[in-house]
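Grab your viewer and a coffee. Here are a few exercises to work through, each with its solution.

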Amino acid sequence: MSQEKRRPGDRRDGRWVRDVSGLTTLMMHIMPNRTDAEVYLNDKLDVTELMAYLERENAKHPDYKTTIFHALITAIARMVRERPKMNRFVQGRRMYERREISLSFMAKRRFADNAEEAFMYLVPKDTDNLASVSFEIAGKVHEARKTEHSAGGFDSTVDAFAKVPRLLLMLIVRVVRWLDFWGVNPKALTEGDSNYSTVLLSNLGSIRGPAVYHHLNNYGTNSIMVTVGTVHKEKLPMPDGTEQLRDVLEIGATLDERIGDGFYFVRSLRLLKYICAHPELLEKPLGEPSGFDYNSKEI
């Protein structure tokens, strides 16, 4: 991502985008809260080729499994890398472009009703691919599940707030949100926080759940929330007019409409579908373009 020198008006976590349209500028003032500007997208990804690819790759190393969720995270990171507006956020009624791509999700320490959750936060580099991203995710989840309680990092920071008296906590939160409005929040309060990631994901498929609608948060800078359902068989129309039984993955995405328009969002979705249909792209470094033709009728 961008390594350019920080200019006046920039934030530690983002470059101030000055060349926004008048309409977008008005939207940031008319709809100052992220939850005011939510749009929801629900669609199905044909993951037949991707599932076959994962089966072949996992057969090469049966002691370690790359999951569909690992692949989807990598595909989304690649999509964001090629679609820079997807890496923007609005804060303080200004538009910013992040200095890095970040993805986050929550992992249950145990599959039980009263089990705690752990924050998982990834910052993939341009040199990363599916293998390296999958290895990092598996390592983080394994480490989190070694204990039933947080053992440091952002999880411990969050847990500490539970011990603060209510009135004091209300004051602290007001101060923190004021600092965030002006882009001067301490790094210790934002690093590793899913509310400050490019994309926050919820893998409901891991518990056999559907891809439900999930709201955005006004706190932080996260502009894209993605829910992932369960892979299932479904008949889909094919380009030749026939129907085939395919492996399908339902996803839901809630986006801040101020960072881009419907045309841009739909094209980004088409790129994600293309990557899933050509899983060999996941072997390439994220910084290498996919070569997708946006005028193609393939997807």
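Below come exercises on salt bridges and on a small sheet.

This is a predicted model, where local features need pLDDT of at least 70, side-chain atom pairs count only at pLDDT 80 or more, and totals for chains, interfaces and linings use all residues. Residues are numbered from 1 along each chain as its sequence is written, and side-chain values use heavy atoms, with hydrogens and water left out.

**Exercise 1.** Work out which parts the salt bridge between R81 and D126 ties together.

*Solution.* Start with the criterion: a side-chain nitrogen of Lys or Arg within 4 Å of a carboxyl oxygen of Asp or Glu. For R81 and D126, the closest N and O atoms are 2.8 Å apart. Next, place them: R81 sits in helix α3 (residues 68–82) and D126 in the loop between β6 (117–122) and α4 (130–144), so the pair ties together parts that are 45 residues apart in sequence. Helices here are DSSP runs of H or I with at least four residues, strands are E runs with at least two, and both are numbered from the N terminus.

**Exercise 2.** Find where E57 and its partner K60 lie.

*Solution.* Their closest N and O atoms are 3.0 Å apart, which makes a salt bridge. Both lie in helix α2 (residues 48–60), three residues apart, about one turn of the helix.

**Exercise 3.** Give the strand order of the open three-stranded sheet.

*Solution.* Strands pair if DSSP finds at least two bridges between them. The order is β1-β4-β3, with antiparallel pairing. β1 (14–16) and β3 (88–91) are the edge strands, each pairing on one side only. β3 and β4 (residues 94–98) share four bridges; V90 has M95 in β4 as its bridge partner.
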